[in-house]
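Let's take a relaxed tour of a protein chain and the ligand it holds. Keep the picture open as you read.

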Amino acid sequence: MTPAATLSRRFVEAFSGHPRLWQAPGRINLIGEHVDYCGGPVMPGAIDRSVTVAAAANNTGALRVHTPLGRATLPLDRFTANGDWRDYVAGMAFALAEAGHIEALQGHDLIIDSTVPVGVGVSSSAALEVAVGLALSDGGVSGAELARIAQRAENDFVGMPCGIMDQFASACGQASHLLLLDCATLECEPVPFPEAARLVLIDSGVAHSHATGAYRDRRADCEAAAASLGVTLLAEVADPGALDSLSGNPLKRARHVLGEIRRTRQARDALIAGDLAGVGKLMNESHASLSHDMEVSTPEVDRLAGLAQSTHGVFGARMMGGGFGGSVIALVDAEAEAEVCAQLSAQWSHASGQDATVFSAAIGQGAGEIVP
Ligand code: GLA
């Protein structure tokens, strides 16, 4: 029995009616970190691991949800935040309704499953939001609109002031392509991922504790820098010389953002030219800037990135996502993939004293209906 057929059968056993099935993937980000909320370009892609949802309307005004993390009945007329997965699910119902899709409040039965690893920085939460968004709107909202609504659910109902990158990659990803996404306009250029390369993720094992507060502070520094420079978003600053009027944290953050915008554009050109060494060098520079200027790395993550960067067969490596833990992403020569994974796994297990999680991520398709 396929996983989709199993999910369908579980639904029929738990609830009545016939469900539709939806999936939304996690994401990687090659380069363009901590620039989405500044209106800059990012280069994420969907991965081949997804949240799947079987769903049907129940017209009770409540969400009845079964997930691997637990079961819950969430009455939408008197829901209060819990600080856990339930906020993402109910938050999507509210964000959809606010955007005019009031059918999301009629009540649904949902069975949720996932192959997206949690806590390693591949946006399992964005995948959950997007998959639930498709389910609660019966597929009526998709693409960029769904990404915006999912971002709003996370900003307003979960309380994480994230940008649009994770939700957009999950909603709009294209198989075998990275997305060069302009986060100010949501214009998006698919960039073919080279066949000669692979993406390897190494979990640092460092939990993102207190990450939301620190992320909020970085975002505030960027907004302060933009305000002193007289722009709404830092990406609007055309001349890096303008930063001379800044000092302290706003200067460091703005220097990262403008540098990362340049590196992301250069990485797009290098990818198209097949210059994998060039892309790798930009990834290494991105890590250094995230560590020194954005100050979102940790000593362990710096050590892991350094280890990956010096491994034979790795073009470049850097921390990925919001930071303060999570994973390092490495761009790897396809022919050396198995050896790189084995080496990094052995070396990071030894260095960290824990079993290392190392895995290759293929670039998969974005969210949609699973047609059995
Ligand atoms: C987290 C956020 C994203 C983005 C990254 C940093 O993943 O959810 O919106 O800001 O951090 O690039």
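We'll go from the whole chain to the ligand, then to a few single residues.

Remember that this is a predicted model, where local features need pLDDT of at least 70 and side-chain atom pairs count only at pLDDT 80 or more, while totals for chains, interfaces and linings use all residues. Residues are numbered from 1 along each chain as its sequence is written, and side-chain values use heavy atoms, with hydrogens and water left out.

**The whole chain**

The protein chain has 10 helices and 13 strands. These are DSSP runs numbered from the N terminus: helices are H or I with at least four residues, strands are E with at least two. Along the principal axes, the C-alpha atoms fill a box of roughly 60 × 50 × 40 Å. The radius of gyration is 20 Å, which agrees with the value near 21 Å for a compact globule of 372 residues. That radius is taken over C-alpha atoms, and the globule rule is 2.2 Å times the number of residues to the power 0.38.

Of the 372 residues, 55% count as buried. Buried means under 20% relative accessible area, exposed means over 50%, and partly exposed is in between (1.4 Å probe, protein chains only). Now for contacts, meaning heavy atoms within 4.5 Å: among those between residues at least 6 apart in sequence, 71% join residues at least 24 apart.

**Around the ligand**

Which residues surround the ligand? Among them are Arg27, Glu33, His34, Asp36, Tyr37, Cys162 and Gly163. A residue is listed if one of its heavy atoms lies within 4 Å. The table gives some distances from a ligand oxygen atom to an N or O atom of the protein; a polar contact is a pair of N or O atoms within 3.5 Å, and within protein one must be able to donate a hydrogen and the other to accept it, with residues adjacent in sequence counting only if both atoms are side-chain atoms.

| Residue | Part of the residue | Distance to ligand oxygen |
|---|---|---|
| Glu33 | side chain | 2.6 Å |
| Asp36 | side chain | 2.6 Å |
| Gly163 | backbone | 2.9 Å |

Taken alone the ligand exposes 300 Å², and the protein buries 94% of that. Areas like this come from the Shrake-Rupley method with a 1.4 Å probe; for residues, only the protein chains shown count as cover.

**His34**

His34 sits in the loop between strand S1 (20-29) and strand S2 (41-42). Is His34 buried or exposed? His34 is buried, with a relative accessible area of 4%. Its side chain makes a polar contact of 2.7 Å with the side chain of Tyr37. A polar atom of the His34 side chain also lies 2.8 Å from the backbone oxygen of Gly322. Not counting residues up to four places away in sequence, His34 touches several others, including Tyr215, His256 and Val257.

**Leu234**

Look next at the loop between helix H6 (211-229) and helix H7 (248-272), where you'll find Leu234. Leu234 is buried, with a relative accessible area of 1%. Beyond its neighbours within four places in sequence, its contacts include Cys38, Cys222, Ala225 and Val257.

**Aromatic residues**

Finally, some rings: Phe79, Phe94 and Phe157 form one aromatic cluster. Phe79 and Phe94 are both buried.

Note on methods. Rings of Phe, Tyr and Trp (its six-membered ring) pair if their centres lie within 6.5 Å; planes under 30 degrees apart count as stacked, over 60 as edge-to-face and the rest as tilted.
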